[in-house]
Amino acid sequence: MLLPRQLLLCCLYAYAFAFELEQHPFLPAQTAYKPAKRIGIVGLGTGGIAALRALKSLPLDMREDWEVTIFDQRHAVGGLWVPQDDAPDPPSIPQTPAYPGLRMNAVHMHMTVPNVYFPPETPLLAPRAHVLEYWQGLFNAVPLGVHDRVLLQHSVTRASWIGDEGGGYWELKAMDLRTNLTSGFSFDHLIAAPGVNRFPRVPKFEGQDLWLAKGKRLEHCLWFRDPSKYTGQTVIIVGGGPSGLDVARHVVRTARKVYWSRQEGEPELPDIDGAENVPRMTSLKGGSPTLMNGTTIPNVDTIILATGYEVRIPFLSAGGFLDDASHLPSDIGKRLTTNGRYISPLYEHTVSLDAQYPLGALYFISLLTYNPTGLTNTAQATFAAYTIANASLLGTRDDFRAALARREQRVRDAGQEPSRYGHKVILGYGAEQGWGEDGFYQDVLVHDLVARDPKLAGLPGVPDVGFNLTERWRVWVQDNTDRVLPAWHQMVDERGVEWEKEFVRGQRTEADYLDTMRRFMEYWDDRGE
Ligand SMILES: Cc1cc2nc3c(=O)[nH]c(=O)nc-3n(C[C@H](O)[C@H](O)[C@H](O)COP(=O)(O)OP(=O)(O)OC[C@H]3O[C@@H](n4cnc5c(N)ncnc54)[C@H](O)[C@@H]3O)c2cc1C
Ligand SMILES: NC(=O)c1ccc[n+]([C@@H]2O[C@H](COP(=O)([O-])OP(=O)(O)OC[C@H]3O[C@@H](n4cnc5c(N)ncnc54)[C@H](OP(=O)(O)O)[C@@H]3O)[C@@H](O)[C@H]2O)c1
Ligand SMILES: *[C@@H]1O[C@H](CO)[C@@H](O)[C@H](O)[C@H]1NC(C)=O
Ligand SMILES: *[C@@H]1O[C@H](CO)[C@@H](O)[C@H](O)[C@H]1NC(C)=O
Ligand SMILES: *[C@@H]1O[C@H](CO)[C@@H](O)[C@H](O)[C@H]1NC(C)=O
Ligand SMILES: *[C@@H]1O[C@H](CO)[C@@H](O)[C@H](O)[C@H]1NC(C)=O
């Protein structure tokens with residue numbers, strides 16, 4: 001017997017397939033029927049799923065006769081959590097940086113959307129497959145209308161606004177990867193959720209050619225899949241972000257010697273037993289890895305670059321609607337521009353303030369990093385959905401530019417340069433981080449909606465007056481997740497996944513999860529570590 005969820009999925013695929021027939025190059029890509037609003041979403045990872053959920057949970061009278069089309073180039077829903085374990089070799093770019101041993105880098109309660117939790121007995125640091133299942137479950141629960149389309153294996157190659165600041169529409173080109181045929185689509189609103197962990201940031205080091213000529217390896221962690229590849233080697237991991245931490249944790253198990261090259265100012269992440277911290281690697285002069293303090297490290301076999309990703313969106317750049325620049329203008333510009341770290345000008349990382357089209361024509365979901373994904377994506381998507389429904393909620397471009405200037409000033413006040421700091425929220429938003437009374441990013445964003453129209457309080461996705469999107473228990477979880485992270489990994493290393501299964505046995509409710517986290521912290525403290 002088919003479960004309801006599987007039935008729904010079958011229907012979705014049937015839809016996707018049925019609409020495929022309309023994609024024939026000699027037929028119009030969309031039906032002649034013109035709905036009240038046509039909305040395109042690019043990307044069906046956590047960002048695109050949040051966008052779809054928010055649009056489809058608006059009260060019915062607000063979204064009457066809307067048509068939503070979602071594109072993703074992958075064969076399945078879930079973005080980077082959909083595995084591709086046989087990654088192609090460089091320079092071909094894999095579809096995802098996720099690897100078999102990947103787990104969430106926070107307890108799962110910290111990453112969920114409001115009111116939908118992980119299933120019973122999920123390990124606190126959820127393995128990759130659990131995360132995928134969670135987001136696919138959210139997607140499968142969205143009721144789609146007859147005019148909505150989910151187009152998997154479709155790569156969006158170009159988006160152009162046909163019109164001006166006063167009005168117009170987006171023209172999208174998308175290629176069906178099964179046939180290589182390209183079709184055109186028209187949308188009134190575009191939501192870009194293509195992910196920011198796709199294009200590796202690969203610094204060039206002096207002496208690199210000599211290094212490679214010696215038969216040594218230099219690779220970005222986007223291609224990392226299996227630590228056994230490094231068995232018996234001496235490895236330097238460059239970059240002190242979460243990817244550096246994760247790769248170090250895996251590679252110490254197989255390599256002979258691991259150096260972790262990071263520097264002050266990188267996020268405060270724990271040390272890894274068995275990996276030696278060293279200063280930033282500055283060159284490969286003479287074909288040898290040289291550190292900032294002048295020391296050379298001998299006998300290294302492989303350098304793994306965990307140096308992050310470039311924020312690039314080729315389909316917008318191809319249409320002329322996102323400039324790629326090495327430096328952003330010192331003032332807030334008028335054209336949307338990325339320097340590889342930061343897209344500007346955007347209101348709250350979400351609404352494009354580009355002057356070539358009206359406000360509300362283009363939204364971004366999920367540009368943020370170091371954030372509670374479920375909450376921030378939901379808040380951004382909710383903001384997009386309600387402002388698409390009622391454009392007068394958006395106010396003026398000048399108001400939004402002033403708000404952006406204030407946000408950037410707060411980043412500067414914290415000693416950071418906005419164009420380099422990018423879309424991180426780690427410093428920002430939340431009294432406990434020393435940022436004042438405003439509350440967390442996701443709460444500020446939805447409260448802003450209510451300030452613009454008090455009638456919205458209590459509608460789907462918008463908390464009632466006196467409530468935050470961020471429930472109180474989440475604040476406790478956020479404050480303590482960093483303690484649990486290294487301890488849990490160490491326990492799994494020592495005792496294996498059987499210990500983990502035993503520890504979470506019987507957990508059913510959110511309260512149980514919190515209790516398990518508390519219990520684990522006590523247990524760890526008792527060990528005196
Ligand atoms: C190794 C790694 C581990 C991570 N672990 C965590 C974690 O534990 N917890 C957490 O909250 N976050 C984690 N993150 C951050 C993660 O990026 C976000 O949590 C989130 O899953 C990203 O979702 P997304 O929808 O923005 O992007 P993605 O998951 O990348 O989804 C974007 C989708 O858009 C599609 N797409 C892109 N361009 C096009 C196009 N032109 N045409 C059609 N389709 C397109 C892609 O195929 C992809 O499926 C991790 C990131 C990395 C790199
Ligand atoms: N297990 C998990 O859940 C997990 C695992 C991996 C990643 N992630 C997520 O994936 C996203 C990306 O993480 P990431 O670690 O890949 O990227 P990241 O957060 O951008 O970190 C990259 C680090 O490399 C440094 N770096 C850049 N260029 C360098 C150079 N030339 N030499 C030395 N260091 C250099 C950067 O410092 P500067 O900023 O100073 O350049 C930065 O600290 C994040 O959202 C993260 O949370 C999650
Ligand atoms: C589509 O193009 C790719 C890359 O050029 C090629 O490898 C593939 O065979 C083509 N597929 C079809 C069905 O033509
Ligand atoms: C440079 O760093 C390396 C690795 O941490 C250390 O062994 C060495 O002593 C340092 N050299 C100087 C001159 O500080
Ligand atoms: C749209 O938003 C404005 C506030 O900006 C509000 O006054 C108006 O009532 C809203 N329209 C509808 C139909 O809800
Ligand atoms: C909502 O967030 C604000 C700012 O952090 C906080 O002061 C307030 O107490 C929160 N309200 C609730 C009900 O949690």
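**Entry 1: the Ile 237 pair**

I began at Ile 237 and found its bridge partner in strand 15, Ile 304. Ile 237 and Ile 304 belong to a predicted model, and I read every entry below with that in mind. I then took the two strands as units. Strand 10 covers residues 234-238 and strand 15 covers residues 302-305. They pair in the parallel sense, over 4 bridges.

I followed the pairing outward. Strands 10 and 15 sit in an open sheet of 5 strands, in the order 9-15-10-11-12, with parallel pairing. The edges are strand 9 (217-220) and strand 12 (275-278), each of which pairs on one side only. I noted an average twist of 20° from one strand to the next.

Which helix lies across strand 10? I found helix 5, residues 242-251. Helix 5 also lies across strand 11 (257-261) and strand 15. Its direction is at about 165° to strand 10.

**Entry 2: Tyr 99**

I looked up Tyr 99 next. It is placed in the loop between strand 2 (66-71) and helix 3 (128-140). Buried or exposed? The relative accessible area of Tyr 99 is 7%, so I logged it as buried.

I listed what Tyr 99 touches, setting aside residues up to four places away in sequence. The list reads Arg 128, Phe 224, Arg 225, Asp 246 and His 250. Asp 246 and His 250 fall within the 242-251 span of helix 5. That ties this loop residue back to the helix of my opening entry. I also checked Pro 83, which is 16 residues from Tyr 99 along the chain. Their C-alpha atoms are separated by 7.2 Å.

**Entry 3: Leu 144**

I moved to the other end of helix 3. Leu 144 has its place in the loop between helix 3 and strand 3 (149-151). With a relative accessible area of 18%, Leu 144 is buried; the cut-off is under 20%. I took the C-alpha distance from Leu 144 to His 108 and got 27 Å. The two are 36 residues apart in sequence.

**Entry 4: the hairpin of strands 4 and 5**

I turned to strand 4 (residues 154-164) and strand 5 (residues 167-176). They run antiparallel, and 10 bridges join them. The connection is a hairpin through 2 residues. Which residue of strand 5 stands opposite Ser 160? I found Glu 171 there.

I picked out a second serine, Ser 155, which also lies in strand 4. Its relative accessibility is 15%, so it counts as buried. Beyond its neighbours within four places in sequence, I found Ser 155 in contact with Gln 73, Lys 173, Ala 174, Met 175 and Leu 177.

**Entry 5: strand 7 and its partners**

I went to strand 7, residues 189-192, and checked both faces. His 189 and Ile 191 are on one side, Leu 190 and Ala 192 on the other. All four are buried, and both faces are covered. The general pattern fits: in a regular strand the side chains alternate between the two faces of the sheet.

What does strand 7 pair with? Strand 1 (residues 37-42) pairs with strand 7 in the parallel sense over 4 bridges. Strand 22 (residues 362-364) is also parallel to strand 7, joined by 3 bridges. I traced Ile 191 in both directions. Ile 191 is the bridge partner of Ile 41. In strand 22, the partner of Ile 191 is Tyr 363.

**Entry 6: Arg 401**

I found Arg 401 in helix 8, residues 397-413. This arginine is buried and has no salt bridge. How far away is the nearest side chain of opposite charge? It is Asp 398, at 4.9 Å; a salt bridge needs a separation within 4 Å. Leaving aside neighbours within four places in sequence, I logged contacts of Arg 401 with Ile 332, Gly 333, Lys 334, Pro 345 and Leu 353.

**Entry 7: the whole chain**

I closed with the totals. I counted 13 helices and 22 strands in the chain. The radius of gyration is 24 Å, close to the 24 Å of the globule rule for 529 residues, so the chain is as compact as a globular protein of that length. The C-alpha trace spans about 65 × 55 × 55 Å along its principal axes. Of the 529 residues, 53% count as buried. I also looked at contacts between residues at least 6 apart in sequence; 65% of them join residues at least 24 apart.

Definitions and conventions: Residues numbered from 1 in each chain as written. Chains lettered and ligands numbered in written order. Predicted model: local features only at pLDDT ≥ 70, side-chain atom pairs only at ≥ 80, totals over all residues. Heavy atoms only, no water. Buried < 20%, exposed > 50% of the residue type's maximum accessible area, 1.4 Å probe, protein only. Pairing = 2+ DSSP bridges. Lys, Arg positive; Asp, Glu negative; His and termini not counted. Contact = heavy atoms within 4.5 Å. Axes fitted to C-alpha atoms, helices over the stretch in contact; angles between N-to-C directions. Rg over C-alpha atoms; globule rule 2.2 N^0.38 Å.
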